[in-house]
Amino acid sequence: MNVWSRRNWLTVAAAGGFASVAFGAFAAHGVADPRAQELLRTGSLYGFIHCLAAFAAVAVQQMGARRARFAPAFFLAGVVLFCGSLFAMALGAPRWLGAVTPIGGLCFLAGWAVLGWAARGLAAD
C-alpha cells in the first residue's frame with residue numbers, strides 16, 4: 001500500500017481546508033488582539049489556497065501529468081510550516097518560530113514550480 005496515495009493526499013488537503021476555515025473563523029470571532037487576528041487570517045488564506053492547490057495537482061496528475069504527483073507534498077508541507085507557524089504565533093508561541101514561516105513559503109513556491117513543470121508535460125490541445 002502506498003501511504004502517499006492520491007486518496008491520502010486529498011484527505012490531508014481536506015483536513016487542511018477544514019483547519020483553514022476554523023482558524024479563519026477563530027480570527028473573526030474568537031480573538032481580540034489585532035496582530036493575532038492578522039496572523040490567523042493570513043495563515044487561513046494561504047492554507048486554504050494551497051489545500052485547493054493540492055486538489056488541483058491531483059487533478060492535473062489524473063490528466064496524465066505524472067510529475068504533478070510531487071506537488072501536493074510541497075503544498076501541504078508549506079501549509080504545515082507556513083500556516084502552522086503563523087497559527088502558533090497567534091496563539092502565543094515565541095516569535096523565533098517566525099523563522100520557520102519562510103521555509104513554508106519556499107515549499108509553496110516549489111509546489112507551484114512542480115505543478116507548472118508537470119502541466120508543460122501535458123499534450124497540447
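# A tour from helix α2 outward

Begin by selecting Leu 45, which sits in helix α2; helices here are DSSP runs of H or I with at least four residues, strands are runs of E with at least two, and both are numbered from the N terminus. Before going further, note that this is a predicted model, in which local features need pLDDT of at least 70 and side-chain atom pairs count only at pLDDT 80 or more, whereas totals for chains, interfaces and linings use all residues. Residues are numbered from 1 along each chain as its sequence is written, and side-chain values use heavy atoms, with hydrogens and water left out.

**The nonpolar patch**

Keep Leu 45 selected and add Tyr 46, Ile 49 and Trp 112, since these four residues make a nonpolar surface patch of about 390 Å². A patch is built from residues with over 30% relative accessible area and no salt bridge, where nonpolar side chains (Val, Leu, Ile, Met, Phe, Trp, Tyr) are joined within 5 Å and like charges within 9 Å. The areas come from the Shrake-Rupley method with a 1.4 Å probe, and for residues only the protein chains shown count as cover. Helix α2 gives the most to this patch, with 3 residues.

Now centre on Ile 49, which also lies in α2 and counts as partly exposed at 39% relative accessibility; on this scale buried means under 20% relative accessible area, exposed means over 50%, and partly exposed is in between (1.4 Å probe, protein chains only). If you draw a distance from the C-alpha atom of Ile 49 to that of Ala 19, 30 residues away along the chain, the separation is 12 Å.

**The salt bridge**

Stay on helix α2 and show the side chains of Arg 35 and Glu 38, which meet in a salt bridge at 3.7 Å, N to O. The term requires a side-chain nitrogen of Lys or Arg within 4 Å of a carboxyl oxygen of Asp or Glu, and the structure holds 1 such bridge. Side chains of opposite charge can pair when their charged atoms come close. Because Arg 35 and Glu 38 are 3 residues apart in α2, they are separated by about one helical turn. Arg 35 is partly exposed at 37% relative accessible area, and Glu 38 is also partly exposed, at 41%.

**Helix α2 against helix α3**

Next, colour residues 34-62 (α2) and 71-90 (α3), whose axes come within 9 Å and cross at roughly 170°. The axes are lines fitted to C-alpha atoms, for helices over the stretch in contact, and the angles run from 0 to 180 degrees between N-to-C directions. The two helices are therefore roughly antiparallel, a label used for angles over 145 degrees, while angles under 35 count as roughly parallel, 65 to 115 as roughly perpendicular and the rest as oblique. Their contact contains 20 nonpolar, 5 polar and no charged residues, where Ala, Val, Leu, Ile, Met, Phe, Trp, Tyr, Cys and Pro count as nonpolar, Asp, Glu, Lys and Arg as charged, and the others, Gly among them, as polar.

In the loop between α2 and α3, select Ala 68, which counts as buried at 0% relative accessibility.

**Helix α1**

Move to helix α1, residues 6-29, and pick Ser 20, which is buried with a relative accessible area of 4%. Phe 18 lies in α1 too, but at 65% relative accessibility Phe 18 counts as exposed. The C-alpha atoms of Phe 18 and Ser 44 are 26 residues apart along the chain and separated by 9.8 Å.

**The whole chain**

Finally, zoom out: the protein chain has 4 helices and 0 strands, and its C-alpha trace spans about 50 × 30 × 25 Å along the principal axes. Of the 125 residues in the protein chain, 38% are buried.
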